[in-house]
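Trainee: Hi, could you walk me through this one? I'd like to get my bearings first and then poke at a few details.

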There are 2 protein chains.
Amino acid sequence: MNDKTNSTAPATRRVLPKGVRKEQLIKATMKCIARYGMSGTTMALVTKEAGLSLGIANLHFESKEKLLLETLLHVTGEYNRGQTKILDNDSDLSVAARMEAILQFDFSSKVATKDKVAVWFAFWGEAKSRPTYQKICSNTDFMAEDALCALFNQAIDESNYVDSNAAIIASGYTALVDGLWLNMLIAPKHLSRKQALQVARDYLAAAFPHHIKRTTG
Amino acid sequence: MNDKTNSTAPATRRVLPKGVRKEQLIKATMKCIARYGMSGTTMALVTKEAGLSLGIANLHFESKEKLLLETLLHVTGEYNRGQTKILDNDSDLSVAARMEAILQFDFSSKVATKDKVAVWFAFWGEAKSRPTYQKICSNTDFMAEDALCALFNQAIDESNYVDSNAAIIASGYTALVDGLWLNMLIAPKHLSRKQALQVARDYLAAAFPHHIKRTTG
DNA sequence: CATTTGAATGAACGAGCATTCATTGGTTGC
DNA sequence: GCAACCAATGAATGCTCGTTCATTCAAATG
């Protein structure tokens, strides 16, 4: 009655559309990377996590390499789409509202999940030596920073902030979010999602006091 | 005439003190992690990079696991010692001078080396799944943040900054430095050491305007 | 219901890797 | 100059893991 196949008996073999199987395997891969790390993630573990047979990953993806790549694209794509949706000029939100939405988004329970952040950093850790990963990771960051830069320039125009450099602030905000994610991942006891959000909000409040107010207390 | 053994003929076999060999191997491990990533780093590559025989790593370190651990400790230890030297109350630097020294240190060519930062993130990427790595990584960050917190509190006392929270600022600065390192590693073309330093300085200048001046231009 | 199709399976294979250890030879003390 | 010692070597070993593919079986077709 439940699709969540996982361990136990071989059950009855089901045939499902390719898209469903791929998603199943990508989800399992994320879980394995978060739990066992990049180098501890084996095909046997991934397929077991998905409740499927060993050979299936090579059937739907061509190789382990490709499965990992699509997993990275899944995570980065999700982030980019979410951010774009907030910053796209089609939405009728004010500049201030968009800033607040970005803050909420970056530290939401949908984006800043332990599993997803772990995947993020697992690939970043390997990026230096894998040109393909490096390109995807840097591109994601670059696009995010660029979109923020546009928003910040709007804010500067609106409120005549003096001596403000949108590019520098966007660079700082992007780095700050990455760093906060890292610290939440490594030491969740020491830095909660709420605290991280406060740090990030204070950063934007310092740069754009007319748009974002510091957390009080 | 040169100690830099590297590739080529077997040369003459030399007997060297344990400490020298260990350092040789740790240096080679860092280079391999930076070049081939954590999962691409093999004992064969490390020992070849060091210009030594395959078996030597297991002779001086007990296993690959231990070699990797000591490599991590080498990098984190170096950072901690450098930071402590600057912040230790024994030095007779002013609070402002210490802040400036920390900025210079965090983006110096000794600390923010590509190789070292790559090692840093390779381990961070695996930390989630390896309790030992996690403990070392989080401890390093925790100590660094704590020391900064003390310095920032001194600054707050000195200049009566209102509504300033040293812990939040320290948390933010630490995360910012981590994030900037990450972006320098992934996209050095996009973020230079100099630019990263500017972003970090602007962050401290916003929090402690009487101590640190923003970069002009 | 019989037949065809191709998704799904998992045993078997082989490449790559960490680790071992018998052998080599540089170094030290006599 | 001669042993005795032990750092250093690297071929050999055994294990882990990605990949293959003959076989199985659920679903679609007529």
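Mentor: Happy to. From the N terminus on, chain A runs α-α-α-α-α-α-α-α-α, which comes to nine helices and zero strands. Helices (H or I, at least four residues) and strands (E, at least two) are DSSP runs, numbered from the N terminus. This is a predicted model, where local features need pLDDT of at least 70, side-chain atom pairs count only at pLDDT 80 or more, and totals for chains, interfaces and linings use all residues. Residues are numbered from 1 along each chain as its sequence is written, while chains are lettered from A and ligands numbered from 1 in the order in which they are written.

Trainee: What average pLDDT does chain A have?

Mentor: Chain A averages 92, and 94% of its residues score at least 70. pLDDT is the predictor's confidence in each residue, from 0 to 100. Among the elements of chain A, α2(A) has the highest mean at 98 and α6(A) the lowest at 93.

Trainee: And where does pLDDT stay under 50 in chain A?

Mentor: Over residues 1-10 of chain A, for which the model has four contacts beyond four places in sequence. Two residues are in contact if their C-beta atoms, placed from the backbone, lie within 7 Å. Where pLDDT is low, the predicted coordinates should not be read in detail.

Trainee: Got it. What does chain A span along its principal axes?

Mentor: Its C-alpha trace spans about 65 × 40 × 35 Å. Buried residues make up 42% of the 217 residues in chain A. A residue is buried if 20 or more other C-beta atoms lie within 10 Å of its own, exposed if 12 or fewer, and partly exposed in between, again with C-beta atoms placed from the backbone. Among contacts in chain A between residues at least 6 apart in sequence, 60% join residues at least 24 apart.

Trainee: Let's zoom in. Is T47(A) buried or exposed?

Mentor: T47(A) is buried, because 21 other C-beta atoms lie within 10 Å. T47(A) belongs to helix α2 (residues 43-49) of chain A. Leaving aside neighbours within four places in sequence, T47(A) is in contact with L52(A), S53(A), L54(A), I56(A) and A57(A). T47(A) and Q24(A) are 23 residues apart in sequence and 9.3 Å apart in space, C-alpha to C-alpha.

Trainee: Now α7(A). Why does its end-to-end distance agree with the expected span?

Mentor: At 1.5 Å a residue, the 29 residues of α7(A), 131-159, should span 42 Å, and the end C-alpha atoms are 42 Å apart. The expected span of a helix is 1.5 Å times one less than its number of residues. Just after α7(A), N160(A) takes a positive phi of about 50°.

Trainee: What do the buried residues of α7(A) pack against?

Mentor: In chain A, α4, α5 (95-106), α6 (114-127) and α8 (166-186), together with α8 of chain B. The buried residues of α7(A) include Y133(A), C137(A), D141(A), E145(A), L148(A) and F152(A).

Trainee: Since chain B came up, how many residues does each chain bring to the contact?

Mentor: The contact takes 44 residues from chain B and 44 residues from chain A. On the side of chain B that touches chain A, α1 (18-36), α6 (114-127), α7 (131-159), α8 (166-186) and α9 (193-207) each supply at least two residues. The most come from α8(B), with 14 residues. That side of chain B divides into 23 nonpolar, 14 polar and seven charged residues. Ala, Val, Leu, Ile, Met, Phe, Trp, Tyr, Cys and Pro count as nonpolar, Asp, Glu, Lys and Arg as charged, and the others, Gly among them, as polar.

Trainee: What rotation superposes chain B on chain A?

Mentor: A rotation of 180° with 0.0 Å of shift along its axis, at RMSD 0.0 Å. That is the relation of a two-fold axis. Copies are superposed by least squares on the C-alpha atoms of residues with pLDDT of at least 70 in both. Also, 100% of the interface residues of chain B are interface residues in chain A, so the copies meet through the same surface.

Trainee: Last topic, the DNA. Which residues are closest to strand C?

Mentor: S53(A), G55(A), T42(B), S63(B) and K64(B), out of 24 that surround DNA strand C. A residue is near a molecule or strand if its C-beta atom, placed from the backbone, lies within 6 Å of it. α3 (56-60) of chain A, with α2 (43-49) and α4 (64-87) of chain B, each supply at least two residues of the surface near DNA strand C.

Trainee: And for strand D?

Mentor: DNA strand D is surrounded by 24 residues, the closest being T42(A), S63(A), K64(A), S53(B) and G55(B). By class, the surface near DNA strand D has eleven nonpolar, seven polar and six charged residues.
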